[in-house]
Amino acid sequence: MYSIRTLSDGDFLYDGGQRIEYLPSPNASGGFARKPRFLVVHYTAGSSGRSSARWFTNPAAKASAHLTIERDGTVIQSVPLSKRAWHAGRSAWRSRDGQTVSGLNSHSIGIELANAGACVRTASGTWKNPLGVTVGADDVMEARHRNGPVWFGGSLGNVMECGWELYPQAQMRSLIDVSLLLMSHYGMEEIVGHDDISPGRKTDPGPAFDMETFRGIVSGREDDGDQFWTVREDTPGGLAIRSGPGKENPLVQDRALAPGTRVAFNEAHGRWWFVTVVNDAGEAELDGWVYSRYLNAA
Ligand SMILES: [Zn+2]
């Protein structure tokens, strides 16, 4: 259970009664002129969250984020939540009230997720990011970035079809819990990716981060009730329900879920969700994994 406490040097994240690990970064400016409006999601493109948080303690980095979340869900703080971290750089976003906000560092809280980001396949079948961080094939999804090719430099140049390291469930769980707290504590308006506010220049958090789902979960859980979803009308042949997250897993039942079928969200593994099928009387019928692209918020 996370909470925020205001100390003499700013706002800090607590887990239970314990302040989370703080590796102070000099790469920050004073307090926000007004409350932060946006939550910006990043990936580190590094090997561990700790190595990134350590790098942020170096003035030469000229970069920081408020929080970094390890792949096992551990959170490290680098900058007080009430001060301006240097995570967004050149950036702009059109807010919901139609106003264009630039220089997002002055208007946002930045969270880094430990993740290798864009990778290319090596001769041995593993994947490697531009900094040489290797990722096993099981932890990679292949996709194009919606903003176009990714610059790898060297002999590779621009790469269209990249691999992207998946975000593990433990890490997503911490991100969801922390984000729910931040959004309500500071009355923040919107969640954006670095690739939303600096398109063409930045690719994080990238295609492996299911932003739509994340926004839905964070904004839909405000009442703490069950969140229901329905199978989309345009799902070809209905939605297969499987015993595990992935097409290779056997079906839980031969019959696909018909469009309009209502399900409750339990947990996510990338774009695969473990759901409970709920009948018209609101009773649980069966559990299984489905591809979340074919679900709409009910
Ligand atoms: Zn970033």
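# Exercises on a predicted model

The lining of the largest pocket divides into 14 nonpolar, 16 polar and four charged residues (Ala, Val, Leu, Ile, Met, Phe, Trp, Tyr, Cys and Pro count as nonpolar, Asp, Glu, Lys and Arg as charged, the others, Gly among them, as polar). The model is predicted: local features need pLDDT of at least 70, side-chain atom pairs count only at pLDDT 80 or more, and totals for chains, interfaces and linings use all residues. Residues are numbered from 1 along each chain as its sequence is written, and side-chain values use heavy atoms, with hydrogens and water left out.

## Exercise 1. The pocket

Describe the largest pocket by volume, lining and contributing elements.

Step 1. Fix the term. On a 1 Å grid over the protein atoms alone, a pocket is an open set of points where a 1.4 Å probe fits, with protein on both sides within 12 Å along at least five of seven lines; lining residues have an atom within 4 Å of a point.

Step 2. Take the volume. It is about 840 Å³, as the space filled by probe spheres set on the points, which are joined across faces, edges and corners.

Step 3. List the lining. It has 34 residues, and Y43, T44, A45, K202 and D204 lie nearest the centre of the pocket.

Step 4. Assign elements. Helices (H or I, at least four residues) and strands (E, at least two) are DSSP runs, numbered from the N terminus. β5 (38-43), α1 and β16 (150-153) each give two or more residues to the lining. α1 gives the most, with four.

## Exercise 2. Salt bridges

Which parts of the chain do the R50–E21, E165–R71 and R215–D196 salt bridges tie together?

Step 1. Set the cut-offs. A salt bridge is a side-chain nitrogen of Lys or Arg within 4 Å of a carboxyl oxygen of Asp or Glu. Buried means under 20% relative accessible area, exposed over 50%, partly exposed in between (1.4 Å probe, protein chains only). The whole structure holds eleven salt bridges.

Step 2. Place R50 and E21. Their N to O distance is 2.8 Å. R50 lies in helix α1 (residues 49-56) and E21 in the loop between β3 (18-19) and β4 (28-31), so the pair joins parts 29 residues apart in sequence. R50 is partly exposed at 26%, and E21 is partly exposed at 33%.

Step 3. Turn to E165 and R71. Here the N to O distance is 3.2 Å. E165 sits in strand β18 (residues 161-165) and R71 in the loop between β6 (67-69) and β7 (75-77), so the bridge ties parts 94 residues apart in sequence. E165 is buried at 10%; R71 is partly exposed at 23%.

Step 4. Finish with R215 and D196. Their closest N and O atoms are 3.6 Å apart. R215 is in helix α4 (residues 211-220) and D196 in helix α3 (residues 194-197), so the link spans 19 residues in sequence. R215 is partly exposed at 29%, while D196 is buried at 17%. Both belong to a salt-bridge network with R146 and D195.

## Exercise 3. The core

Which residues have the most contacts inside the largest nonpolar core?

Step 1. Define the core. It is a set of buried Ala, Val, Leu, Ile, Met, Phe, Trp, Tyr and Cys residues joined through side-chain atoms within 4.5 Å.

Step 2. Name the residues. The core has 55 residues, and L13, L67, I111, L182, F209 and F214 have the most contacts inside it. Helix α2 (residues 169-186) gives the most to this core, with eight residues.
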